[in-house]
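Biologist: I would like a close look at one part of this model, with its charged pairs set in context. Please take the sequence and structure below as the starting point.

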Amino acid sequence: MSQPIYLDYAATTPVDPRVAELMMRHLTQEGTFANPASRSHMPGWLAEQAVEGARRQVAELIGADPREIVWTSGATEADNLALTGYMRANAARGRHLITSTIEHKAILDTASALEAEGFEVTRIAPQPDGRISPDSLRDALRSDTILVSLMAVNNELGSLNDLDALGDIAHSHGAAFHVDAAQAPGKVQIDVSRQPIDMLSLSAHKAYGPKGIGALYVRRQPQIKVDALIHGGGHERGMRSGTLPTHQIVGMGEAYRLSAEQFDADHQHLVALRDQFVAGLAGLEGVHFNTDIGVSAPNIVNLAFEGVDGEAMLMALRGIAISTGSACNSASVEPSFVLTGIGVPRPLALASLRFSFGRFTTAADIESALGELRHALTSLRA
Ligand SMILES: *Cc1c(COP(=O)(O)O)cnc(C)c1O
């Protein structure tokens, strides 16, 4: 069987070949393999130089100072460090955290763990377009709120939050603002030098870098205090210990450098693919948009198909690699909490699919996917 058409870029992207090539040069004996923390020899210094070069590249993409970048194993760990590390370090000022009901599980499960630790959490419901309204944040703020955590781009819908408005409201109430920006690089531009953002979670593998590496941006002025979750060695200014994975880090740096360099080209490519996909859907009946195209990133289109079963639809679309709007638990199939969270009725949420495009998606891929979709809908409804 031929390879399915990959339309699941929001789950992960392939590594850009230019990134893979650079990573390979930081692994073997001929390459820059030494421990970047080894201060007593040249191979160690070279590895440290490679790590610091990548730190500058990641910082540059978001307008940060390199000293504000803390390497982590991914956005999941960055989210854990931001929420738990900040709440613990600042508990004397208050114990209340605000987030939303449609954040990634890395935020929601961390928030629940913090509740078990004695912190209080408010989860704001989004608007039907998947965005958090500034008014709902204003209503949720309390005198003991010390942190607000809201995402830049929703991973299931593509919806974009107004980070400037939300951050300003958090700040005017004396709360810090954390942003899960795992889906942002290449889709929306972020500049922490002028935006009201205090911490920001990043991941390499959603932007053509390798899996298993990410970063947390932690503002230095005014200084944000975060307690470490992983102890030992005191790496990353004490915020995250562990030998730095040079090859992963240079991979993330190069991926982010490319993301900055070709932002316009990538963005235009995504808009063209989405326009083509949306235009092709026009002839199909009973297709609902869960994604509000006008307020969403150009790489994600989440659709509900009336009168068909989501699992049957996925089976009929085996030629396309996509995600469902549901999660299989051991006992039952549950609709996505993000879709029910924006008010999609349960049966439609169960019949929803997320299509997401990327740098290597072609117009021919979109045409084939549309053909498969037409065919599947006709046969399932017959
Ligand atoms: C993928 C993703 C994460 C988790 O990132 P990892 O690097 O895979 O741990 C967190 N938040 C959002 C919004 C994501 O899309």
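Is Arg-55 buried, partly exposed or exposed, and what is its relative accessible area?

Modeller: The model is a predicted one, and every value that follows should be read with that in mind. Arg-55 is buried, because its relative accessible area is 6% and the class takes in residues under 20%. The side chain of Arg-55 nevertheless has a charged partner, since it meets the side chain of Glu-52 in a salt bridge with an N to O distance of 2.8 Å. Both residues belong to helix α2, where they stand three residues apart, about one turn of the helix. The two ends of this pair differ in their surroundings: Glu-52 has a relative accessible area of 28% and is therefore partly exposed, whereas Arg-55 is buried. As a general matter, side chains of opposite charge can pair when their charged atoms come close.

Helix α2, which runs over residues 42–62, also holds Trp-45. With a relative accessible area of 40%, Trp-45 counts as partly exposed. Together with Met-42 and Leu-46, Trp-45 makes a nonpolar surface patch of about 300 Å².

To set the Glu-52 and Arg-55 pair in context, it helps to turn to the other salt bridges, of which the structure holds 22 in total, counting every one. One of them joins the side chains of Arg-354 and Asp-8, at 3.0 Å from N to O. This pair links distant parts of the chain, for Arg-354 is in strand β15 while Asp-8 is in the loop between β1 (5–6) and α1 (17–24), and the two are 346 residues apart. Both Arg-354 and Asp-8 are buried, and for Arg-354 the class follows from a relative accessible area of 8%. Strand β15 itself covers residues 352–356. The side chain of Arg-354 has a further contact, reaching the backbone oxygen of Asn-155 at 2.7 Å.

A salt bridge between the side chains of Arg-142 and Asp-144 also has an N to O distance of 3.0 Å. Here Arg-142 is partly exposed, with a relative accessible area of 31%, and Asp-144, at 24%, counts as partly exposed too. Elsewhere, Asp-16, Arg-18, Asp-266 and Arg-359 are linked in a network of salt bridges.

The ligand offers another setting in which polar and charged residues appear. Its shell consists of 13 residues, and the closest are Thr-76, Asp-180, Ser-203, His-205 and Lys-206. By class, three residues of the shell are nonpolar, seven are polar and three are charged. Helix α3, spanning residues 75–89, gives the most to this shell, with three residues. A polar side-chain atom of Thr-76 lies 2.6 Å from an oxygen atom of the ligand, and for the side chain of Ser-203 the distance from an N or O atom to a ligand oxygen is 2.7 Å. Gln-183 likewise places a side-chain N or O atom 2.8 Å from an oxygen atom of the ligand. Taken alone the ligand exposes 380 Å², and the protein buries 88% of that area.

To return to the residue you asked about, Arg-55 is buried at 6% relative accessible area, and its side chain is paired with that of Glu-52 within helix α2.

Technical notes. Residues are numbered from 1 along each chain as its sequence is written. This is a predicted model: local features need pLDDT of at least 70, side-chain atom pairs count only at pLDDT 80 or more; totals for chains, interfaces and linings use all residues. Side-chain values use heavy atoms; hydrogens and water are left out. Patches are made of residues with over 30% relative accessible area and no salt bridge: like charges are joined within 9 Å, nonpolar side chains (Val, Leu, Ile, Met, Phe, Trp, Tyr) within 5 Å. Accessible areas come from the Shrake-Rupley method with a 1.4 Å probe; for residues, only the protein chains shown count as cover. A salt bridge is a side-chain nitrogen of Lys or Arg within 4 Å of a carboxyl oxygen of Asp or Glu. Helices (H or I, at least four residues) and strands (E, at least two) are DSSP runs, numbered from the N terminus. Buried means under 20% relative accessible area, exposed over 50%, partly exposed in between (1.4 Å probe, protein chains only). A residue is near a molecule or strand if one of its heavy atoms lies within 4 Å of it. A polar contact is a pair of N or O atoms within 3.5 Å; within protein, one must be able to donate a hydrogen and the other to accept it, and residues adjacent in sequence count only if both atoms are side-chain atoms. Ala, Val, Leu, Ile, Met, Phe, Trp, Tyr, Cys and Pro count as nonpolar, Asp, Glu, Lys and Arg as charged, and the others, Gly among them, as polar.
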